[in-house]
Amino acid sequence: MQLFYKEYPGPGKPLIILHGLFGLLDNWHNVAKTLSATYHVYSLDLRNHGQSPKSAVMNYAVMADDLWEFMQKQGIARAAIMGHSMGGKVAMEFALRFPEKCANLIVVDIAPKKYKPGHDEIFKALFALDTTNTEKTRKDFDQDMQPLIPEFGVRQFLLKSLERKEDGSYQWKFNLEALHTHYTAISDEPEGNRIYKGPTLFLRGGNSRYVSDEDQAKVAALFPNYRLETIAGAGHWVHAEKPGELVEVVSGFLG
């Protein structure tokens, strides 16, 4: 699995960024560019997303292995790992399984627990779209999704992964079938059963319900050297809604 990545060369130690479900590395471009003033940043497309290879296998163990393989190929002995949502679970899994390679762990708006299904309407909307129709425009697809996905920002986020092919039809950059097939595994908690004692930052949006105060007991059990920060006014997509605040907190944590 050779993950697609974008490198933002900087003067400091390596920092690897992992996006969330249905996302791609471009979602983190502005944050990665800003952080590259201090760190050597790598932003990755996880398997079945963006320009990385498609696969019929998808769980946190294999995605952590993907990250390990990426670091080996790049000659990165240790790095700070930052992941959002699904990417945050990959980051946690990696830290639990390969603690010697994780210098610092940053988990953005996700907890190490199993979540109830919350993307049924999104999957239903995406499967209903006729991406083979060459007469369709992106505006048409946006309107088609609206009954099931009323949030404009969510539709625009998804449409970033829709690309037009040479024949005029469309395709998703993410592997929709694989994500749907393995959604239970994606919703599950990280599989690693070790403890990561390195410096850990859990960063949540003040308007998000993904990380509750009650989750801290589970966080503390797996990541005893953690701290929790809340960015007021941000929802689940903290990096898109409050990028400046996120960069400030992350930079302060990494020192």
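How many nonpolar, polar and charged residues are there in the lining of the second largest pocket? Hold that thought; the tour gets there after a few other stops. One thing to keep in mind on the way is that this is a predicted model.

**The whole chain**

Start zoomed out, with the C-alpha trace on. Along its principal axes the trace spans about 55 × 40 × 35 Å. The radius of gyration is 18 Å, which agrees with the value near 18 Å for a compact globule of 255 residues. Switch to cartoon and you'll have 11 helices and 9 strands to look through. Colour by accessibility if you like: buried residues account for 54% of the 255.

**The largest pocket**

Now select Gly118, His119, Tyr210, His236 and Trp237. Of the 35 residues lining the largest pocket, these five lie nearest its centre. The volume here is about 780 Å³. Next, add helices H3 (86–97), H4 (120–128), H6 (152–159) and H8 (183–187), since each of them supplies at least two residues of this lining. Colour the lining by residue type and you get 17 nonpolar, 12 polar and 6 charged residues.

**The second largest pocket**

Move on to the second largest pocket, with a volume of about 280 Å³. Pick Asn27, Lys160, His239, Ala240 and Glu241, the closest to its centre among the 15 residues that line it. Two or more lining residues come from each of helix H1 (29–35), H6 and helix H10 (238–241). H6 gives the largest share, 4 residues, and you've already met this helix in the lining of the largest pocket. As for the opening question, the lining of the second largest pocket divides into 6 nonpolar, 6 polar and 3 charged residues.

**A β-α-β unit**

Hide the pockets and show residues 200–205 and 226–231. These are strands E8 and E9, and they pair in the parallel sense over 6 bridges. Zoom in on phenylalanine 202: across from it, in E9, stands leucine 228. Then bring in helix H9, residues 216–222, and you have the complete right-handed β-α-β unit of E8, H9 and E9.

While you're there, follow the loop between E8 and H9 until you reach serine 212. Is serine 212 buried, partly exposed or exposed? With a relative accessible area of 23%, it is partly exposed, as the cut-off for buried is under 20%. Now draw a distance from its C-alpha atom to that of alanine 111: the two are 101 residues apart along the chain, yet the separation is 8.4 Å.

**Two loop residues with positive phi**

For the last stops, select asparagine 48, in the loop between strand E3 (40–44) and helix H2 (60–74). What is phi of asparagine 48 near? The angle is near 65°, a positive value in a residue other than glycine. Turn on the surface and asparagine 48 counts as buried, at 0% relative accessibility.

Then jump to aspartate 109, in the loop between strand E5 (102–108) and H4. Phi of aspartate 109 is positive too, at about 55°, although this residue is not a glycine. Aspartate 109 is buried as well, with a relative accessible area of 0%. From here you can step along to H4 and return to the largest pocket, where this helix supplies at least two residues of the lining.

Note on methods:
Residues numbered from 1 in each chain as written. Predicted model: local features only at pLDDT ≥ 70, side-chain atom pairs only at ≥ 80, totals over all residues. Heavy atoms only, no water. 1 Å grid on protein atoms, 1.4 Å probe; cavity = no way out; pocket = protein on both sides within 12 Å on 5 of 7 lines; lining within 4 Å. Points joined across faces, edges and corners; volume = space filled by probe spheres on them. Nonpolar A, V, L, I, M, F, W, Y, C, P; charged D, E, K, R; others polar. Pairing = 2+ DSSP bridges. Right-handed = clockwise from strand over helix to strand, strands pointing away. Buried < 20%, exposed > 50% of the residue type's maximum accessible area, 1.4 Å probe, protein only. Rg over C-alpha atoms; globule rule 2.2 N^0.38 Å.
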